[in-house]
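This report goes through the fold of one protein chain and then its charged side-chain pairs.

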Amino acid sequence: MYVCPICGNSDQRFISLRKGKPYCRVCVSYIGQMVSNNYKVSSRVYKSLKYALSKEQNELSNQLLNNFKSGKNSFVSAVCGSGKTEISLETIVYAIKNQMKVGFTVPRRDVAIELLDRFKEMLPYSKISLVVGGHHEQLTGDLVICTTHQLYRYVKYFSLIILDEIDAFPFKDNDVLRNIFFNSLKGHYVMMSATPSDDIINFFKGKNKDILNLDVRFHRHPLPVPSFVVDKSKFRYIKLVNQVKKFINDNKPLFVFAPTIEECEKLCRFLSVFAKNGNFVHSQCQDRTRRIEQFREGHYRYLVTTSVLERGVTLKNLQVIVFDADHPIYDKGTLIQISGRVGRKIDAPEGEVVFIAKRKTTAMEQARASIINSNRTLQNMLQTN
């Protein structure tokens, strides 16, 4: 029986022959250079952090490292902005020191690109490779940062692999990507998310698995609680303009989230009449990396975006508006992730999140309730300490 070496598929109904050799139709689109196991990891590693871990972060970091040493797989459930990447650093350093191959993978390309700069600061003497669509010239390194799509190149390769944003599209509910992830392993893994589903939690209740929780951001400030602007009429567009102008007048950068690509572009054209120096980004923008970088540099005052920027992005003083927040695409987890873009910096821990909608949805109310509950947990912890 033929078992696909890329995705692990063993269902012979999806196995065909090409020039007398079997191939898998499940993952036939994943074609490219495969990586051998010949790369030798340098044990010379130096860790550099701009700030010391908080008490809570340090405790979780130690738990994560101990789990890895004892052969346990871990799931880190931590609020947006809690510093999951920094918490995993000690385990990454330990693995590299012991010349283990380490991967850090995320579902989305933009997040992977941002992680490269962060890890170059944290591990200045290590060889770090970025492997994403259109960027796979260097496939090996002491640490490989890649999208989950690119893991097909690494068969039984990683002794440690960390998967952040496990519940993000396109990894979420994708059996092919899930199989490719596990097929890239020869050791143990860490999965992380701020918005885990019940299925994810239940999966980690098995043997040799552990769930680690962190309900506080690293700077110990509360999460921004979304405010609602509900208006069935077209006046909600005027309210949007007023809110955008307010943030611009306060000299604060702004993301305006739109539910679809079409609405994203239309909304940007509409706002440009009232507010200059804006642009839009979505998954079909070929130059979106450049636009995001220009936004960071202050060339744009606001970006209208789809959910392509709902995760991983860290910008000082960022404010957020979700327009048409009642759209079906915005479930509870998505709205929490979007809200988590605000207040992530230690020198700018506060900000505003505004949901503008024709009606109030269950997802909107659940997202706000979840954020309020996390803030209560924080308050109780601070009072206890």
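Contact here means heavy atoms within 4.5 Å. Angles between elements are taken between N-to-C directions and run from 0 to 180 degrees. The model is a predicted one.

**Overall dimensions**

The protein chain contains 11 helices and 15 strands. Its radius of gyration is 22 Å, close to the 21 Å that the globule rule gives for 385 residues, so the chain is as compact as a globular protein of that length. The C-alpha trace spans about 65 × 55 × 40 Å along its principal axes. Of the 385 residues, 54% are buried. Among contacts with a separation of 6 or more, 74% are between residues 24 or more positions apart. The exposed surface of the protein chain is about 17800 Å², and carbon and sulfur atoms supply 48% of it.

**The sheet of 7 strands**

One open sheet has 7 strands in the order β5-β6-β4-β7-β8-β3-β9, with parallel pairing. At its edges stand β5 (128–131) and β9 (209–214); each has a single partner strand, so one side of each is left without a neighbour in the sheet. From one strand to the next the twist averages 20°. Strand β5 is joined to β6 (residues 143–147) by 4 bridges, and the two run parallel. Within this pair, Ile-128 has Leu-143 in β6 as its bridge partner. Helix α1 (residues 55–69) lies across β3 (73–78), β7 (158–164), β8 (185–193) and β9, and runs at about 170° to β9.

**The sheet of 6 strands**

A further open sheet has 6 strands, ordered β10-β15-β14-β11-β13-β12 and paired in parallel. Its edge strands, β10 (227–230) and β12 (278–281), each pair on one side only. The twist from one strand to the next averages 20°. Strands β14 (residues 319–323) and β15 (residues 353–357) form a parallel pair over 4 bridges, and Val-322 stands opposite Phe-355 in β15. Helix α11 (residues 362–384) packs on the sheet and touches β10 and β15, its direction making about 160° with that of β10. Helix α9 (residues 288–296) lies across β11 (254–257), β12 and β13 (302–305), at about 145° to β12.

**Salt bridges**

Side chains of opposite charge can pair when their charged atoms come close. The whole structure has 20 salt bridges, including the following.

| Pair | Closest N to O distance |
|---|---|
| Asp-231 and Lys-239 | 2.9 Å |
| Glu-310 and Arg-311 | 2.9 Å |
| Asp-324 and Lys-358 | 3.7 Å |

In the pair of Asp-324 and Lys-358, Asp-324 lies in the loop between β14 and α10 and Lys-358 in the loop between β15 and α11, so the pair ties together parts that are 34 residues apart in sequence. Asp-324 has 10% relative accessibility and counts as buried, whereas Lys-358, at 33%, counts as partly exposed. Leaving aside residues up to four places away in sequence, Asp-324 touches Arg-236, Pro-259, Tyr-330, Ile-356 and Lys-358.

Asp-231 is buried, with a relative accessible area of 14%, while its partner Lys-239 is partly exposed at 37%. Both Glu-310 and Arg-311 are buried. These two residues also belong to a network of salt bridges that links Glu-165, Asp-167, Glu-310 and Arg-311.

Notes:
Residues are numbered from 1 along each chain as its sequence is written. This is a predicted model: local features need pLDDT of at least 70, side-chain atom pairs count only at pLDDT 80 or more; totals for chains, interfaces and linings use all residues. Side-chain values use heavy atoms; hydrogens and water are left out. Two strands pair if DSSP finds at least two bridges between them. The radius of gyration is taken over C-alpha atoms; the globule rule is 2.2 Å times the number of residues to the power 0.38. Buried means under 20% relative accessible area, exposed over 50%, partly exposed in between (1.4 Å probe, protein chains only). Accessible areas come from the Shrake-Rupley method with a 1.4 Å probe; for residues, only the protein chains shown count as cover. A salt bridge is a side-chain nitrogen of Lys or Arg within 4 Å of a carboxyl oxygen of Asp or Glu.
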